[in-house]
Amino acid sequence: MSQKLSANQEIFSGSDLLAELAGEATQKLQALQTEEQDHKARSENLSLALGRIFHFFNPFSTHLNRIKPVIARSYSADPQAIYSNLQWGDAVADYRKQGLSDTAFFDHVSFRVRLTASGSVMVKRRWNEVETLKKELNAFGLRTVHDLDEIVRSKPNQEFFEIELAPDFLMRIQFQGNYDTGKIDLLCNNFDSFGLASYTLDPQETTQQLLDEIGRFLIGRKEGLPALLGSTRYLPKQAVYR
């Protein structure tokens with residue numbers, strides 16, 4: 001059998017087509033190897049960037065939980081329901097990896113803090129806006145002090161109803177590694193205003209300067225978001241869990 005195979009190889013050894021196909025196969029294999037190496041390098045850079053982010057927000061949370069600053073920034077649920085002079089609550093930085101080993105890539109890094117307004121927050125609506133209000137409160141992670149349905153039932157003949165909202169809410173940001181694109185999806189809930197917002201970042205853009213700017217914004221020492229985030233904002237496709 002081996003002799004027959006060798007004979008066939010000798011017959012086709014001078015084939016231009018086989019030589020052409022062999023060259024194409026070699027090029028394809030080299031391209032796949034290069035692509036695999038590039039993907040591995042991108043994944044390593046992405047995971048390293050997420051690690052840097054966690055190592056910033058972890059001590060950031062610890063320091064701010066001791067300082068307990070009041071944040072001079074307002075959040076408006078509507079023109080009348082405004083949360084202001086926000087007291088910093090307990091903040092937490094956390095991460096998840098893609099596996100249990102020490103060398104596993106980071107999946108995401110998250111940061112959350114509960115903020116509490118200095119005074120009561122009241123919202124006034126018409127009776128036919130009850131269901132709309134429920135949806136808005138749920139989207140923002142807000143809640144009423146008293147049962148909304150009970151308030152509605154107790155005052156059936158009035159044109160408007162007014163209800164007090166709990167003064168606290170959760171602000172959350174999550175840096176999600178997207179290993180398909182090699183980028184970081186920044187998913188936010190109640191970040192610069194109530195509701196969802198999302199951004200996309202290249203790993204090399206997560207510099208110490210950017211993290212410092214985000215940190216200064218969070219504690220009210222910078223009025224606006226970093227310019228880089230303003231240029232990368234997009235509509236969120238998923239909610240950040242509360």
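## Asparagine 190 and the aromatic pairs

Leaving aside residues up to four places away in sequence, asparagine 190 touches Tyr75, Phe140, Phe169, Leu170, Met171 and Gly195 in this structure, which is a predicted model. Asparagine 190 is placed in the loop that runs between β9 (183-189) and β10 (196-201), and with a relative accessible area of 0% asparagine 190 counts as buried. Two of the residues that asparagine 190 touches, Phe140 and Leu170, also offer backbone oxygens to its side chain: the oxygen of phenylalanine 140 lies 2.8 Å from a polar atom of that side chain, and the oxygen of leucine 170 lies 3.0 Å from a polar atom of the side chain of asparagine 190.

A search of the whole structure finds 20 aromatic pairs. One of them joins tyrosine 83 and phenylalanine 194, whose ring centres are 5.4 Å apart and whose planes stand at 80°, so the pair is edge-to-face. Because tyrosine 83 belongs to strand β3 (residues 82-83) while phenylalanine 194 belongs to the loop between β9 and β10, this pair ties together parts that are 111 residues apart in sequence. Both tyrosine 83 and phenylalanine 194 are buried.

Elsewhere, one aromatic cluster is formed by Phe56, Phe57, Phe60, Trp88, Phe111 and Phe175. Aromatic rings also lie beneath charged side-chain ends, as the table shows for arginine 73 and lysine 124.

| Charged end | Ring | Distance from ring centre |
|---|---|---|
| arginine 73 | phenylalanine 217 | 4.3 Å |
| lysine 124 | phenylalanine 160 | 5.0 Å |

How values were computed:
Residues numbered from 1 in each chain as written. Predicted model: local features only at pLDDT ≥ 70, side-chain atom pairs only at ≥ 80, totals over all residues. Heavy atoms only, no water. Helix = DSSP H or I, 4+ residues; strand = E, 2+ residues; numbered from the N terminus. Buried < 20%, exposed > 50% of the residue type's maximum accessible area, 1.4 Å probe, protein only. Polar contact = N/O pair within 3.5 Å; in protein donor to acceptor, adjacent residues only side chain to side chain. Contact = heavy atoms within 4.5 Å. Phe/Tyr/Trp six-rings, centres within 6.5 Å; stacked < 30°, edge-to-face > 60°. Lys NZ or Arg CZ within 6 Å of the ring centre and 35° of its normal.
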